[in-house]
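Here is my note on the model you asked me to look through, set out as numbered points. Please keep the sequence and the 3D view open as you read, and look up each residue as it is named.

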Amino acid sequence: MTAFDAFWAALDAVPPAADAEALYDVGTEAGRLRRTNLERYFDRFGPEADTLLVAEAPGWRGMTNTGIPFTSMRELGPEYLVPPAPTAPWEASSRVVHAALEDWSGPLPVAWAIFPHHPFVAPDPLTNRTPRPAEIRDGAPVALALREALGQALGGADRVRVVAVGRKAQGALALAGIEAVAVRHPAQGGAREFTEQVRALSR
């Protein structure tokens, strides 16, 4: 057993709607690739991380390709698997997040999305939509399980600071009983404020 067994079980239990793509479905080649990349991401950053950055949902230009939150093809390192047909070469938010973390002091945060599937505007999967309240409720246990997994190396989940990327993510976390400080979402003109707020949180 590993610290992340409960996380994977919670993730696999989240039902995808017809207009939401299950990114880590082991029954598909793309899902297995994303899952492998996420495992490698946790292996690399999870053992020391004491901060969890939680966004709202995966975007079609980034996480849906790589399986790693706030990571598009442009930020994907050589230690990860490369999807054969990515839907986009880059994502603006991913670039901003990686740049903001360049000066981070201490263990780098681990990022996640409160709704782990990719919600899209049917019938076009190359779109993003806001997760429904029910989807957020379904996804909340996954974020809780991730916090627990990270906390095992630190002596408890309460030692893991949760930072919500955007007010919507903060509200979703509050519904799940997780208190989180919110930073500005980097999209739609929020890059500078997001960067300043994240760097202020660096320990």
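1. This is a predicted model, and I begin with the residues around its largest pocket, whose lining is made up of 15 nonpolar, 7 polar and 7 charged residues. The space in this pocket comes to about 730 Å³. Of the 29 residues that line the largest pocket, those closest to its centre are Glu 56, Ala 57, Asn 128, His 185 and Ala 187, and these are good places to begin when you look for the pocket in the 3D view.

2. Which elements give two or more residues to the lining of the largest pocket? They are helix H4, which covers residues 92-100, strand E3, which covers 110-113, and helix H6, which covers 167-175. Helix H6 supplies the largest share of this lining, with 3 residues.

3. The second largest pocket holds about 340 Å³ of space. It is lined by 20 residues, and the closest to its centre are Tyr 41, Phe 45, Thr 71, His 98 and Leu 108. Two or more residues of this lining come from helix H2 (29-45), and the same is true of helix H4; helix H2 gives the most, with 3 residues. When the lining residues of the second largest pocket are sorted by kind, 13 are nonpolar, 3 are polar and 4 are charged. Helix H4 therefore deserves a second look, since it is named among the elements that give two or more residues to the largest pocket and again among those of the second largest pocket.

4. I turn next to the sheet. In what order do its 4 strands lie? They form an open sheet in the order E3-E2-E5-E6, with parallel pairing. The edge strands, each of which pairs on one side only, are E3 and E6, the latter covering residues 181-183. On average, and with direction ignored, neighbouring strands of this sheet are turned by 30 degrees against each other.

5. The pairings can be followed strand by strand along that order. Strands E2 and E3 run parallel and are paired over 4 bridges, and one place to see this is Val 54, whose bridge partner in E3 is Trp 112. Strand E2 is also joined to E5 by 4 bridges, again in the parallel sense, and here Thr 51 has Arg 161 in E5 as its bridge partner. Strand E5, which covers residues 161-165, pairs with E6 in the parallel sense over 3 bridges, and Ala 164 stands opposite Ala 182 in E6.

6. Is strand E2 mostly covered or mostly open? Strand E2, residues 51-55, is mostly covered, with 5 of its 5 residues buried. Thr 51, Leu 53 and Ala 55 point one way from the strand, whereas Leu 52 and Val 54 point the other way, and the residues on both sides are buried. Strand E3 can be read in a similar manner, for Val 110 and Trp 112 point one way while Ala 111 and Ala 113 point the other way, and all of them are buried.

7. His 118, which is placed in strand E4, deserves a careful look. Why does His 118 count as buried? His 118 is buried because its relative accessible area is 0%, and the cut-off for buried is under 20%. The side chains of His 118 and Asn 128 are joined by a polar contact of 3.0 Å, and Asn 128 is also one of the residues closest to the centre of the largest pocket.

8. Two backbone details should be checked in the 3D view. The peptide bond from Ala 122 to Pro 123 is cis, with omega near 10 degrees, and Pro 123 is found in the loop between strand E4 (118-119) and helix H5 (133-151). Phe 70 is not a glycine, and yet it has a positive phi of about 50 degrees. Phe 70 is found in the loop between helix H3 (63-66) and helix H4, and it counts as buried because its relative accessibility is 10%, with the cut-off at under 20%.

Definitions and conventions:
Residues numbered from 1 in each chain as written. Predicted model: local features only at pLDDT ≥ 70, side-chain atom pairs only at ≥ 80, totals over all residues. Heavy atoms only, no water. 1 Å grid on protein atoms, 1.4 Å probe; cavity = no way out; pocket = protein on both sides within 12 Å on 5 of 7 lines; lining within 4 Å. Points joined across faces, edges and corners; volume = space filled by probe spheres on them. Nonpolar A, V, L, I, M, F, W, Y, C, P; charged D, E, K, R; others polar. Pairing = 2+ DSSP bridges. Axes fitted to C-alpha atoms, helices over the stretch in contact; angles between N-to-C directions. Buried < 20%, exposed > 50% of the residue type's maximum accessible area, 1.4 Å probe, protein only. Polar contact = N/O pair within 3.5 Å; in protein donor to acceptor, adjacent residues only side chain to side chain.
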